[in-house]
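Please examine the sequence and the three-dimensional structure shown here before reading on.

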Amino acid sequence: VLPGDLVIGADSHTCTYGALGAYATGVGSTDLAAAMATGKCWLKIPETIKFILRGRLKKWVSGKDIILFILGQIGVDGALNTAMEFSGPVIEKISMDERFTICNMVIEGGARAGLIEPDAKTLQYVKKTGEKRKPRIFKSDPDAKYKSIKEYDLSDMEPQVSLPFSPANVKPVGKVKGVYVDQVVIGSCTNGRMYDLRAAAQILKNKKVNSKVRLIVIPATQKIYLQAIKEGLVEIFIKAGGVFSTPTCGPCLGGHMGILAKGEKAVATTNRNFIGRMGHPASKVYLSSPQVAAASAIAGKIIHPADVRQKTEDR
């Protein structure tokens with residue numbers, strides 16, 4: 001996928017590609033089959049909500065915290081049938097992996113797509129993929145009309161956690177601390193990239209997972225898995241007490257390898273925490289960044305990463 005592409009996929013999180021400046025949206029399986037057979041797809045052009053993000057992120061705060069914070073502000077239907085466009089100094093500074101995470105979860109706000117204007121980071125990322133086609137760079141016009149424009153200064157934002165049973169039920173980690181957990185999942189299409197694994201490994205290095213916690217790590221792709229092996233990250237996770245799965249949705253949608261039993265609680269870097277999402281209807285899922293997830297695996301309860309590693313510093 002390149003900037004300027006139009007992408008449809010039979011998964012709601014197809015919107016992840018918006019981080020490249022592509023319009024990507026999920027469709028039903030029948031719609032996808034029809035597009036594959038005819039080469040055509042009927043799409044309604046949505047209105048756009050623009051999010052301008054300012055400030056300087058604190059240490060331990062990442063792209064996952066940004067999108068959780070925004071969902072907490074607008075709700076699960078706050079961007080219904082729109083495109084969410086992200087811009088501002090914060091977006092310019094964060095990594096491509098974090099941008100993918102932000103666009104991945106716009107569907108949790110009801111949006112059809114997430115969009116980030118391509119810049120030098122985008123083009124450098126695309127170049128590394130080896131794609132031969134030339135990207136097409138689209139930008140919003142200076143006089144573009146938006147459904148609404150929302151501005152946030154994120155300088156004082158702490159790591160965020162989504163409590164059951166909604167991605168928009170968001171609180172700063174400091175107000176959730178002390179919730180004991182049985183399982184931690186680091187990975188998925190939301191947070192299974194190199195930035196995520198490096199961030200979690202930084203916290204887990206020379207630490208041990210709590211004896212009452214299962215830590216499951218799921219790289220997003222085999223390429224990422226191999227890179228994590230080369231960088232020694234896999235060894236860090238395993239020595240800490242974690243286990244690996246090959247790339248899969250796995251426990252995220254209650255599929256396998258990490259299905260929660262009745263009454264169990266999990267911290268997960270996944271994207272949804274509805275009733276029964278990861279197993280038994282009486283289980284609970286708390287959504288967080290890889291940093292909070294890794295720290296919680298060590299503590300056995302939801303905790304700020306700074307409490308297990310070092311004093312908080314500016315990023």
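The following paragraphs move from the whole chain to its sheets, its helices and some individual residues.

The structure is a predicted model, in which local features need pLDDT of at least 70 and side-chain atom pairs count only at pLDDT 80 or more, whereas totals for chains, interfaces and linings use all residues. Residues are numbered from 1 along each chain as its sequence is written, and side-chain values use heavy atoms, with hydrogens and water left out.

The chain contains 10 helices and 13 strands; both are DSSP runs numbered from the N terminus, helices being H or I with at least four residues and strands being E with at least two. Its C-alpha trace spans about 55 × 45 × 40 Å along the principal axes. The radius of gyration of the chain is 19 Å, which agrees with the value near 20 Å for a compact globule of 315 residues; this radius is taken over C-alpha atoms, and the globule rule is 2.2 Å times the number of residues to the power 0.38. Of the 315 residues, 53% count as buried, where buried means under 20% relative accessible area, exposed over 50%, and partly exposed in between, with a 1.4 Å probe and protein chains only. Among contacts between residues at least 6 apart in sequence, 74% join residues at least 24 apart, a contact being heavy atoms within 4.5 Å.

The sheets come next. Four strands form an open sheet with parallel pairing, in the order β5-β4-β3-β6; two strands pair if DSSP finds at least two bridges between them. The edge strands, each pairing on one side only, are β5 (113–116) and β6 (148–153). Direction ignored, neighbouring strands of this sheet are turned by 20 degrees against each other on average; the axes behind such angles are lines fitted to C-alpha atoms, for helices over the stretch in contact, and angles run from 0 to 180 degrees between N-to-C directions. Within the sheet, β3 (residues 48–54) and β4 (residues 83–87) pair in the parallel sense over five bridges, and Thr-48 stands opposite Ala-83 in β4.

Other parallel pairings can be followed elsewhere in the chain. Strand β1 (residues 6–9) pairs with β2 (residues 23–26) in the parallel sense over four bridges, and Ile-8 has Thr-25 in β2 as its bridge partner. In a regular strand the side chains alternate between the two faces of the sheet. In β1, Val-7 and Gly-9 make up the covered face, while Leu-6 and Ile-8 make up the uncovered one. Further along, strand β9 (residues 183–187) pairs with β12 in the parallel sense over three bridges, with Val-184 opposite Val-267 in β12. Strand β12 also pairs with β13 in the parallel sense over four bridges, where Val-267 stands opposite Tyr-286.

Which helix axes come within 10 Å and cross at roughly 100 degrees? They are those of α4 (residues 96–104) and α5 (residues 120–129). That crossing makes α4 roughly perpendicular to α5, a description that covers 65 to 115 degrees, with angles under 35 degrees counting as roughly parallel, over 145 as roughly antiparallel and the rest as oblique. Met-96, Arg-99 and Phe-100 in α4 meet Lys-121, Thr-122 and Tyr-125 in α5. Helix α4 is mostly covered, with nine of its nine residues buried; among them are the charged-type names Asp-97, Glu-98 and Arg-99.Two individual residues illustrate buried positions. Asp-65 lies in helix α2 (residues 63–74) and is buried, with a relative accessible area of 0%. Beyond its neighbours within four places in sequence, Asp-65 is in contact with Trp-60, Met-157, Pro-159, Gln-160 and Ser-289. Thr-269, in the loop between β12 (265–268) and β13 (284–287), likewise counts as buried at 0% relative accessibility. Leaving aside neighbours within four places in sequence, the contacts of Thr-269 include Lys-64, Gly-187, Ser-289 and Pro-290.

Finally, some backbone features deserve attention. Pro-164 and Phe-165 are joined by a cis peptide bond, with omega about 0 degrees, and Phe-165 belongs to the loop between β7 (160–162) and β8 (170–172). Asn-81, in the loop between α2 and β4, has a phi near 60 degrees, a positive value in a residue other than glycine; Asn-81 is partly exposed, with a relative accessible area of 41%. Met-257, in the loop between β11 (243–244) and β12, has a positive phi near 50 degrees and counts as partly exposed at 29% relative accessibility.
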